[in-house]
Amino acid sequence: SLQDMNREVVKTDCATVQIPELDFEIPAFSQKGVLTTIEGIIDRAIAGLEQDQPVRRAADEEVARKIDEFIGKLKQLKEVHSPFTFVLDDPSGNSFVENPRAPQKDDALVVTRYRRTPQQAALLGLEGEELDEKPADPAEDLRNEVLQFNTNCPECNAPANTNMKLVQIPHFKEVIIMATNCDSCGHRTNEVKSGGAIEPQGTRITLRITDPSDMTRDILKSETCSVEIPELEFELGMGALGGKFTTLEGLLKDIGELVERNPFTLGDSSTPSRTEKLQEFVRKLHEIMEGKMQAHFVMDDPAGNSYLQ
């Protein structure tokens, strides 16, 4: 009916318009997106065809005559002498033809939803052309690559680089190792972040040190892990020394340095009795490292992200 010509139409750039009865088609990306009516779309098509008619008449009268005939048919459509079908096909799903009876069903209007083909997706810029290629696993790329970002040195504040790498620890999980080297003052620091989620249960690991070869065991101490050596009545709280991926010897050396470097324990402000006790502690720690003294090494991590080889 003539009222159908007044239905609102949203036509995006990528939509195709077809009128099968006339074998007429407006291809995708040939016009800009518009908000108009069905009559407006036919009017635009008529205006577009009439635009170059004077040039065509001069160049090829036969073609111009056929186009005049076709324009006549389009004008007849506007008067709706006979029913015709208006098809709007939009792979982006963003086009629309009004239903004047909404929310009731419109018997004249059929809306079909379909899955885009890979070609249509590529045309819309949603996917690349190489759809057959298996996408690379981004985590695999990260494992093989050392990422670098700019930071400032924590000691002298000079610009420095921090290297970051994802490492898979055998029989455990992935961790992120971060290392900073300063070219200005020579300061070096490394830190480990656990790459996985917090485990459902905490982990408590106890190692009885009986042999110097125990010192070469790999150790991952997360930020949430506390360390205990009962024989020395020593406990290192969680958060101290940060996350570390090193050997048992390396961690014991760091503990020794932490005690020796503290000005309140072995510096000028310490008392003689405390200094004596701490020197004894450092001496015993070295004995454990040299295998002269047997001890227990306990790691307690409520997040379950620590590991001892």
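This is a guided tour of one protein chain, with a suggestion at each stop of what to select next.

**The whole chain**

Begin with everything displayed, and keep in mind that this is a predicted model. The chain contains eight helices and 17 strands, and of its 309 residues, 30% count as buried. Its accessible surface comes to about 19,600 Å², and 50% of that area belongs to carbon and sulfur atoms. Among the contacts in the chain with a separation of 6 or more, 58% are between residues 24 or more positions apart.

**A sheet of three strands**

Select residues 8-11, which make up strand β1, and then add β4 (34-37) and β6 (96-97). These three strands form an open sheet in the order β4-β1-β6, and their pairing is antiparallel. Because β4 and β6 stand at the edges, each with a single partner strand, one side of each is left without a neighbour in the sheet. Between β1 and β4 there are four bridges, and Glu8 can be found opposite Thr37 of β4. Now add residues 38-51, helix α1, which packs on the sheet and touches β1 and β4, its direction making about 105° with that of β4.

**An exposed residue in a strand**

Move next to residues 147-152, strand β7, where Asn150 has its place. Is Asn150 buried or exposed? With a relative accessible area of 68%, Asn150 is exposed. Leaving aside its neighbours within four places in sequence, Asn150 is in contact with Ala160 and Asn161. If you select Thr162 as well, you will find that Asn150 and Thr162 are twelve residues apart in sequence and 6.3 Å apart in space, C-alpha to C-alpha.

**Two cysteines**

Show the side chains of Cys156 and Cys185, whose sulfur atoms lie 3.7 Å from each other. Why do they not form a bond? The cut-off for a disulfide is a pair of cysteine sulfur atoms within 2.5 Å, and the distance from Cys156 to Cys185, the closest cysteine sulfur, is therefore too far for a bond. By this rule the count comes to zero disulfides. Both residues can be looked at on the surface too: Cys156 is partly exposed at 35% relative accessibility, and Cys185 is partly exposed with a relative accessible area of 40%.

**A second sheet of three strands**

Select residues 218-221, strand β12, together with β15 (244-247) and β17 (307-308). They form an open sheet in the order β15-β12-β17, with antiparallel pairing. Four bridges join β12 to β15, and in β15 the bridge partner of Lys221 is Lys244. Here α6 packs on the sheet, touching β12 and β15, and its direction makes about 110° with that of β15.

**The nonpolar cores**

Finish inside the chain by selecting Ile229, Leu252, Ile255, Ile288 and Phe297, the residues with the most contacts inside the largest nonpolar core, which has 26 residues. Elements that each supply at least two residues of this core include α6 (248-261), α8 (272-290) and β16 (295-301), and α8 gives the most, with six residues. Centre the view on Ile229, which, not counting residues up to four places away in sequence, touches Phe234, Leu252, Leu285, Ile288, Ala295, His296 and Phe297. Apart from this core lies another, of 19 residues, and you can locate it by selecting Met5, Ile42, Phe70 and Phe86, which are among them.

How values were computed. Residues numbered from 1 in each chain as written. Predicted model: local features only at pLDDT ≥ 70, side-chain atom pairs only at ≥ 80, totals over all residues. Heavy atoms only, no water. Pairing = 2+ DSSP bridges. Contact = heavy atoms within 4.5 Å. Axes fitted to C-alpha atoms, helices over the stretch in contact; angles between N-to-C directions. Buried < 20%, exposed > 50% of the residue type's maximum accessible area, 1.4 Å probe, protein only. Core = buried A, V, L, I, M, F, W, Y, C linked by side-chain atoms within 4.5 Å. Areas by Shrake-Rupley, 256 points an atom, 1.4 Å probe, with all protein chains shown as cover.
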